[in-house]
Amino acid sequence: MVGQSRKWMILVATTWIQAFTGTNFDFSSYSSDLKTVLGISQVQLNYLSVASDMGKALGWCSGVSLKYFPLWAVMFMAAFMGLFGYGLQWFVIQRMITLPYVLVFLLCLLAGCSICWFNTVCYVLCIRHFQANRALALSLTISFNGVSAALYSLIANAINPADDNLYLLLNAVVPLFTSGVALIPLLRQPPPIQPQSREATYRDSRIFLCLNILAVVTGLYLLLLNSLSSKISNARILLVGAIFLLILPLCLPGIAYAREWARRNMPWSFQNDNSSNFNLANPDDLELHKELIAENESGNVVNVTSYGMVDKQGCLWCFGKVMEKDRLTVLGEEHSARLLIRRWDFWLYYAAYFCGGTIGLVYSNNLGQICESLGYGTNTSSLVTLYSSCSFFGRLLAASPDFLRDKIYFARTGWLAVALVPTPIAFLLLTLSGSEAMLRAGTGLIGISSGFVFSAAVSVTSELFGPNSAGVNHNILITNIPIGSLLYGLLAALVYDSNEGSSLIRVNFLKEATLCMGRSCYRQTFIWWGCISVVGLASSFLLFLRTRAAYNRFERNRCRTESSS
């Protein structure tokens with residue numbers, strides 16, 4: 001029982017780490033001031049944003065470090081990377097020190113690495129302690145990364161609402177403080193949990209359901225009440241409420257175990273209780289994966305195509321042959337890096353992420369300049385909070401395949417395709433109108449879409465290309481983030497700087513920066529981004545068609561296993 005309670009403390013500590021270390025979401029809050037102080041162009045500012053995202057391409061370093069250092073040590077390495085990376089940038093933006101552009105670029109790179117290292121620690125903790133409910137644990141904890149901007153906005157408003165540069169100082173200090181709070185659960189973490197009984201897995205599923213409901217309440221609290229935080233007194237009250245909601249999950253496992261004790265010692269009180277039938281995770285899924293892979297390797301898998309009834313002389317037959325070529329026939333089969341990059345399914349997946357989730361991240365990095373160009377510069381903080389909160393809900397929605405599996409089964413790659421639909425719609429709205437209402441609607445849609453992709457990607461990678469290889473394979477997948485950040489951001493910056501409506505603003509006697517005002521600054525960029533997002537949507541749909549048979553086959557075998565047990 002003690003080991004079980006410590007397991008849940010680890011999960012709550014992981015949500016705290018994720019909630020206070022998503023420091024890349026508030027870049028838009030101080031990017032305009034950073035651009036002004038450094039006297040740089042929009043293209044150069046884009047390179048600083050790319051440097052922060054390049055940290056994700058170095059994510060493999062955190063995995064290697066775990067072979068030589070304990071988790072708590074890696075966590076504090078990440079915290080001190082952020083302390084120096086963001087701390088020195090704060091000194092620069094406060095004009096306390098002067099650094100050349102190249103050093104500021106390296107500081108952004110160091111700060112970006114810290115985020116990736118924190119994420120690695122959280123992923124390892126979830127996978128190690130929640131083997132049967134791994135997808136639920138990952139989805140829940142990753143979702144809290146989306147509320148970072150809203151929490152930082154509350155903290156900043158509680159200290160000084162007029163100082164946007166305060167975000168950099170908070171980015172440096174808050175993750176270090178959070179790491180200190182999370183240190184005790186990490187030092188007292190139980191040994192890896194042995195395979196659980198079916199009853200224990202069902203009990204954990206009920207706890208996850210409660211935790212997800214509480215997460216929704218937390219997200220709504222931050223989204224709906226954040227607009228009231230402009231005054232210091234209100235912001236402090238709301239911050240206390242937010243911290244209370246983050247601490248509250250510690251109580252839920254204790255209530256569940258107390259109820260379980262009452263069930264064993266006072267059975268007459270639970271005679272009509274049928275909640276034991278509730279199930280979000282099947283403890284036999286892992287064994288079923290192994291059986292299916294063994295069948296595949298022994299050559300007993302019959303590859304039934306979805307296009308067998310199509311006329312072989314028609315174009316649809318050619319399309320069907322292409323769709324069937326080298327497609328996955330079973331879920332969970334381990335893929336080495338060499339095998340991974342030879343898979344068509346992987347490159348479709350890569351394109352869907354590259355043209356879908358990544359473009360949403362680049363949009364958030366440019367949100368400060370977008371607001372400024374459209375004349376809503378004073379609303380930047382609230383729009384960043386809106387994107388952050390909607391990203392949080394999108395990440396929570398990534399758990400829907402696990403919650404709805406027994407009622408409405410749909411392949412996780414199909415859910416991924418559905419999640420990418422709002423992005424082109426959002427860019428269409430942004431292209432057609434420059435009103436604040438459209439800006440908020442588009443920002444919310446992009447936040448939900450990209451948040452779902454970021455959270456679901458870990459589970460999709462594990463299912464398609466093997467759980468044991470997920471760490472390496474997922475790091476290969478997210479190399480698209482710095483590439484997309486560079487290309488999409490450079491496109492936006494070139495359009496911004498070349499616009500005829502740009503005006504030159506002198507910062508001091510030595511430095512000057514360009515400022516573009518009006519809808520034309522980003523309208524062409526929105527058109528390009530919208531077209532690219534359609535490519536991502538098409539790629540995700542093709543991935544769904546190619547993997548649907550493998551998902552359906554796994555689900556049929558799962559249902560057959562449950563009915564026979």
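**Figure 1. R95 sits in the loop between helix 5 (71-93) and helix 6.** The model shown here and in the other views is predicted. Helix 5 is followed by R95, which has a positive phi, near 60°. R95 is a residue other than glycine with such a positive value. Is R95 buried or exposed? Its relative accessibility is 56%, so R95 counts as exposed, the cut-off for that class being over 50%. The view also takes in helix 5, which has 23 residues. At 1.5 Å a residue, helix 5 should span 33 Å. Its end C-alpha atoms are 33 Å apart, so the span in the model agrees with the expected one.

**Figure 2. Helix 6 (residues 101-129) packs against helix 7 (residues 134-143).** Two packed helices are described by the angle between their axes and the distance between the axes. Here the angle is about 150° and the axes are 9 Å apart. Helix 6 is therefore roughly antiparallel to helix 7, because angles over 145 degrees fall in that class. The crossing of these two helices, helix 6 and helix 7, is right-handed.

**Figure 3. Helix 3 (residues 42-54) crosses helix 25 (residues 480-498).** The two axes come within 9 Å and cross at roughly 170°. This angle makes helix 3 roughly antiparallel to helix 25. Helix 3 passes helix 25 in a right-handed crossing.

**Figure 4. Helix 2 (residues 27-38) spans the distance expected from its number of residues.** With 12 residues at 1.5 Å a residue, helix 2 should span 16 Å. Its end C-alpha atoms lie 15 Å apart, which agrees. How many of the 12 residues of helix 2 are buried? The count is 10, so helix 2 is described as mostly covered, where buried means under 20% relative accessible area. Among the buried residues of helix 2 are F27, Y30, L34, K35, V37 and L38. The serines S28, S29, S31 and S32 are buried as well. Just after helix 2 comes G39, with a positive phi of about 65°.

**Figure 5. Helix 17 (residues 357-365) is mostly covered.** Nine of its nine residues are buried. They are G357, T358, I359, G360, L361, V362, Y363, S364 and N365. One of them, Y363, also belongs to the aromatic cluster of the next view.

**Figure 6. Six aromatic residues, Y363, F427, Y496, Y522, F526 and W529, form one cluster.** A pair of aromatic rings is described by the distance of the centres and the angle of the planes. A search of the whole structure finds 19 aromatic pairs.

**Figure 7. L464 lies in helix 23 (residues 436-465).** L464 has a relative accessibility of 0% and therefore counts as buried. Also shown is A550, which is 86 residues from L464 along the chain. The C-alpha atoms of L464 and A550 are separated by 9.2 Å.

**Figure 8. Two cysteines, C108 and C531, are shown with their exposure.** C108 counts as buried because its relative accessibility is 3%. C531, with a relative accessible area of 46%, is partly exposed. A disulfide is a covalent bond between the sulfur atoms of two cysteines. How many disulfides does a search of the whole structure find? The search finds zero.

Conventions
Residues are numbered from 1 along each chain as its sequence is written. This is a predicted model: local features need pLDDT of at least 70, side-chain atom pairs count only at pLDDT 80 or more; totals for chains, interfaces and linings use all residues. Side-chain values use heavy atoms; hydrogens and water are left out. A disulfide is a pair of cysteine sulfur atoms within 2.5 Å. Buried means under 20% relative accessible area, exposed over 50%, partly exposed in between (1.4 Å probe, protein chains only). Rings of Phe, Tyr and Trp (its six-membered ring) pair if their centres lie within 6.5 Å; planes under 30 degrees apart count as stacked, over 60 as edge-to-face and the rest as tilted. Helices (H or I, at least four residues) and strands (E, at least two) are DSSP runs, numbered from the N terminus. The expected span of a helix is 1.5 Å times one less than its number of residues. Axes are lines fitted to C-alpha atoms, for helices over the stretch in contact, and angles run from 0 to 180 degrees between N-to-C directions. Angles under 35 degrees count as roughly parallel, over 145 as roughly antiparallel, 65 to 115 as roughly perpendicular and the rest as oblique. A crossing is left-handed if the near helix is turned anticlockwise from the far one by less than a right angle, and right-handed if clockwise.
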